[in-house]
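Subject: Handover of a structure and its findings

Dear colleague,

Please find below the structure that I am handing over to you. I would ask you to look at it first and then to read the notes that follow.

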Amino acid sequence: MYGQHFDLTVDPFGENFDPRFFYRGYQHAAALGFLEDSLGKHEAAIALSGDSGAGKSASLRYLLNQKRHRVRMGKLDAVSDDPVSYT
């Protein structure tokens, strides 16, 4: 749709993450700093939260693509606000 309009030869919003199109804005840089620090300290668990489409997954994929950290990653959707539900 926008590819033809802007004469793009590559889809920057395709199904597969492409780090060439990662926008490192202020909030993304802060998230990357948090992730880098946490991974450097070998934290047991790291969580990013935010609105859908904010760039959480893209930030994490970008970092893992750049640094090649050895991690296990899982995605939680619709997490409860009640901390007792995690015990």
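How many helices and how many strands does the secondary structure of the protein chain come to? It comes to 3 helices and 0 strands, and read from the N terminus the elements run α-α-α. Please keep in mind that this is a predicted model.

**The chain as a whole**

The protein chain has 87 residues, and buried residues make up 16% of them. Its accessible surface comes to about 7700 Å², and carbon and sulfur atoms hold 51% of that surface. Among the contacts in the chain with a separation of 6 or more, 47% are accounted for by residues 24 or more positions apart.

**The nonpolar core**

Which residues form the largest nonpolar core? There are 8 of them, namely F22, L32, L35, L39, L60, Y62, L63 and L64. Helices α2 and α3 each supply at least two residues of this core, and α3 gives the most to it, with 4 residues.

F22 is a useful member of the core to select on your screen. With residues up to four places away in sequence set aside, F22 touches F17, H28, L32, A58, S59 and Y62. Two of these partners, L32 and Y62, are themselves listed in the core.

**The second largest pocket**

The second largest pocket holds about 190 Å³ of space. The elements that give two or more residues to its lining are α2, which spans 26-40, and α3, which spans 56-67. The largest share of the lining, 4 residues, comes from α2. The full lining consists of Q27, H28, A30, A31, L48, S49, G50, A54, G55, K56 and S59. Sorted by class, it has 4 nonpolar, 6 polar and 1 charged residues.

Two residues of this lining, S59 and K56, deserve a separate description.

S59 is found in helix α3. Is S59 buried or exposed? S59 counts as buried because its relative accessible area is 2%, and the cut-off for buried is under 20%. Apart from its neighbours within four places in sequence, S59 is in contact with F22, H28 and L32. Of these, F22 and L32 belong to the largest nonpolar core, whereas H28 is part of the pocket lining.

K56 also lies in helix α3. Its relative accessibility is 25%, and K56 therefore counts as partly exposed. Leaving out residues up to four places away in sequence, K56 touches L48, S49, G50 and D51. Of these partners, L48, S49 and G50 help to line the pocket as well. How far apart in space are K56 and A31, C-alpha to C-alpha? The distance is 8.1 Å, although the two are 25 residues apart in sequence.

**Two arginines**

I close with R61 and R72, which may be read side by side. R61 lies in helix α3, while the place of R72 is in the segment after α3. R61 has a relative accessible area of 42%, so this residue is partly exposed. R72, by contrast, is exposed because its relative accessible area is 86%, and the cut-off for exposed is over 50%.

Each has a partner far along the chain for which a distance was computed. R61 and F17 are 44 residues apart in sequence, and their C-alpha atoms are 7.4 Å apart in space. R72 and A45 are 27 residues apart along the chain, and a distance of 9.7 Å separates their C-alpha atoms.

With kind regards

Methods
Residues are numbered from 1 along each chain as its sequence is written. This is a predicted model: local features need pLDDT of at least 70, side-chain atom pairs count only at pLDDT 80 or more; totals for chains, interfaces and linings use all residues. Side-chain values use heavy atoms; hydrogens and water are left out. On a 1 Å grid over the protein atoms alone, a cavity is a set of points where a 1.4 Å probe fits but cannot get out, and a pocket is an open set with protein on both sides within 12 Å along at least five of seven lines; lining residues have an atom within 4 Å of a point. Grid points are joined across faces, edges and corners, and a volume is the space filled by probe spheres set on the points. Ala, Val, Leu, Ile, Met, Phe, Trp, Tyr, Cys and Pro count as nonpolar, Asp, Glu, Lys and Arg as charged, and the others, Gly among them, as polar. Buried means under 20% relative accessible area, exposed over 50%, partly exposed in between (1.4 Å probe, protein chains only). Contact means heavy atoms within 4.5 Å. Accessible areas come from the Shrake-Rupley method with a 1.4 Å probe; for residues, only the protein chains shown count as cover. A nonpolar core is a set of buried Ala, Val, Leu, Ile, Met, Phe, Trp, Tyr and Cys residues joined through side-chain atoms within 4.5 Å.
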